[in-house]
Amino acid sequence: MYFIETENIVKQYARHLALDHVSVNIPEGKIFGLLGPNGAGKTTLIRIINRITAPDSGIVRFDGRPMQPSDIFRTGYLPEERGLYKKMKTGEQAIYFARLKGLSRNDARERLKRWFEKFDLMPWWNKRLEELSKGMQQKIQFIITAVHQPDLLIFDEPFSGFDPINTDLLKHEMLALRDAGCTIVFSTHNMASVEEICDEIALINRAKVVLTGNIRDVREQFKENTFRVCVTGNYAPATHGLYTTLSERKTDNYTELIVRKNGADSNSALLQALSRQYEIHLFHEILPSMHDIFVRAVKDNH
């Protein structure tokens with residue numbers, strides 16, 4: 001089931017076409033990566049889904065029906081541009097934003113204290129935000145985004161400025177929220193993070209969707225039938241119609257080969273052909289990284 005559907009969304013700003021008939025389907029209870037170069041239209045689409053701005057045409061469906069104003073209470077949004085009040089005390093500020101999302105003061109305080117304890121932030125509850133480090137401020141904003149337990153969470157570059165430890169902390173929390181049934185839209189330029197936590201992706205370039213699908217299926221689509229093989233044996237390489245050796249690197253224990261399968265034969269046939277020449281210790285297919293796919297898809301679309 002799709003939790004969010006956008007159908008033929010168009011948005012024009014003066015002479016700039018930000019979105020050109022953009023349609024994406026975001027499955028329920030999954031992490032959906034929204035990718036694209038700067039200026040592609042990602043943030044515009046996020047703002048439309050979050051009802052900050054309206055499309056010129058097209059429709060957004062929320063949980064199977066046209067989106068309504070009240071759906072904002074079922075949504076949490078962490079924008080790329082952080083927006084907290086630096087002079088306000090951290091705990092009171094968090095309570096204020098939680099109440100805007102419909103929580104009572106007591107419920108807000110109770111939930112926030114659990115989050116603050118989880119993120120080791122309780123000593124900063126009565127401190128002004130400007131007294132916190134940038135990383136702490138970002139964790140506060142993450143908590144404020146998720147504290148009302150929304151059905152839909154939208155994160156725009158959530159790891160910007162984070163060190164690796166805090167990045168891993170947020171990834172862990174995002175996966176936990178997904179496993180609890182939350183649907184997450186995640187916009188980022190960090191392709192390694194996409195591979196680690198996203199279930200599906202859509203790539204937007206020049207206001208259009210140019211690639212969409214399950215992460216594994218997308219990587220399969222762009223694979224080039226190349227394999228990493230670790231072998232031993234002093235057999236002379238033979239010319240073989242089934243594969244081409246692209247590179248060969250000797251280590252203390254093995255020779256590492258990168259080979260490309262030439263035809264439509266099975267992987268088993270390739271392995272059998274290699275085993276007639278070498279003792280095989282490792283054999284696996286090389287799938288392209290999301291970074292490589294991103295670069296290739298954007299270049300192909302120019």
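User: Is strand β11 largely enclosed by the rest of the structure or open, and how many of its seven residues are buried?

Analyst: In this predicted model, the judgement on β11 rests on the burial of its residues. A residue counts as buried when its relative accessible area is under 20%. β11 is largely enclosed by the rest of the structure, because the number of its seven residues that are buried is five.

User: What is the order of the strands in the open sheet that contains β11?

Analyst: β11 pairs with β13 in the antiparallel sense over six bridges, and with β14, also antiparallel, over seven bridges. β12 and β13 run antiparallel and are joined by seven bridges. The edge strands, each pairing on one side only, are β12 (243–250) and β14 (279–286). The order of this four-stranded open sheet is therefore β12-β13-β11-β14.

User: By what angle are neighbouring strands of this sheet turned against each other on average?

Analyst: The sheet has four strands with antiparallel pairing. For the angle between neighbours, direction is ignored. The average turn is 20°.

User: Which residue is the bridge partner of Thr-232 in β14?

Analyst: Individual bridges show how the strands are aligned. Thr-226 stands opposite Arg-260 in β13, and Glu-248 has Leu-257 of β13 as its bridge partner. On the β14 side, the partner of Thr-232 is Glu-279.

User: Which helix packs on this sheet, touching β11, β12, β13 and β14?

Analyst: The helix in question spans residues 267–275 and touches β11 (226–232), β12, β13 and β14. Its direction makes about 150° with that of β14. The helix is α8.

User: With which residues is Arg-296 in contact, leaving aside its neighbours within four places in sequence?

Analyst: Arg-296 lies in helix α9 (residues 290–300) and counts as partly exposed because its relative accessibility is 38%. The C-alpha atoms of Arg-296 and Phe-222 are separated by 9.2 Å, although the two residues are 74 residues apart along the chain. Once the sequence neighbours are set aside, the contacts of Arg-296 are Phe-222 and Glu-224.

User: Is Ser-193 buried or exposed, and at what relative accessibility?

Analyst: Ser-193 has its place in helix α6 (residues 191–197). Not counting residues up to four places away in sequence, Ser-193 touches Phe-159, Lys-171, Phe-186 and Cys-198. Ser-193 counts as buried because its relative accessibility is 0%.

User: Which helices are included in what covers the buried residues of α2?

Analyst: Helix α2 (residues 90–100) has buried residues that include Thr-90, Gly-91, Phe-97 and Ala-98. Just after α2, Gly-102 takes a positive phi of about 105°. The cover over the buried residues of α2 includes α3 (105–118) and α4 (134–146).

User: What is the bridge partner of Ile-9 in β2?

Analyst: A further open sheet has four strands in the order β2-β1-β4-β5, with antiparallel pairing. Its edge strands are β2 (16–27) and β5 (65–66). Strand β1 (residues 2–13) pairs with β2 in the antiparallel sense over eight bridges. In β2, the residue that bridges to Ile-9 is Val-22.

User: Where does Arg-51, a residue other than glycine, take a positive phi?

Analyst: Phi of Arg-51 is near 60°. Arg-51 counts as partly exposed because its relative accessibility is 38%. Its place is the loop between α1 (42–49) and β4 (57–62).

User: Is Arg-206 buried or exposed, and what is its relative accessible area?

Analyst: Arg-206 lies in the loop between β9 (200–205) and β10 (208–214). Phi of Arg-206 is also positive, near 55°. The cut-off for an exposed residue is a relative accessible area over 50%. Arg-206 is therefore exposed, at 51%.

User: What share of the contacts with a separation of 6 or more in the protein chain comes from residues 24 or more positions apart?

Analyst: The protein chain has nine helices and 14 strands, and buried residues make up 46% of its 302 residues. Its C-alpha trace spans about 75 × 45 × 35 Å along the principal axes. Among contacts with a separation of 6 or more, the share from residues 24 or more positions apart is 67%.

Technical notes:
Residues numbered from 1 in each chain as written. Predicted model: local features only at pLDDT ≥ 70, side-chain atom pairs only at ≥ 80, totals over all residues. Heavy atoms only, no water. Pairing = 2+ DSSP bridges. Helix = DSSP H or I, 4+ residues; strand = E, 2+ residues; numbered from the N terminus. Axes fitted to C-alpha atoms, helices over the stretch in contact; angles between N-to-C directions. Contact = heavy atoms within 4.5 Å. Buried < 20%, exposed > 50% of the residue type's maximum accessible area, 1.4 Å probe, protein only.
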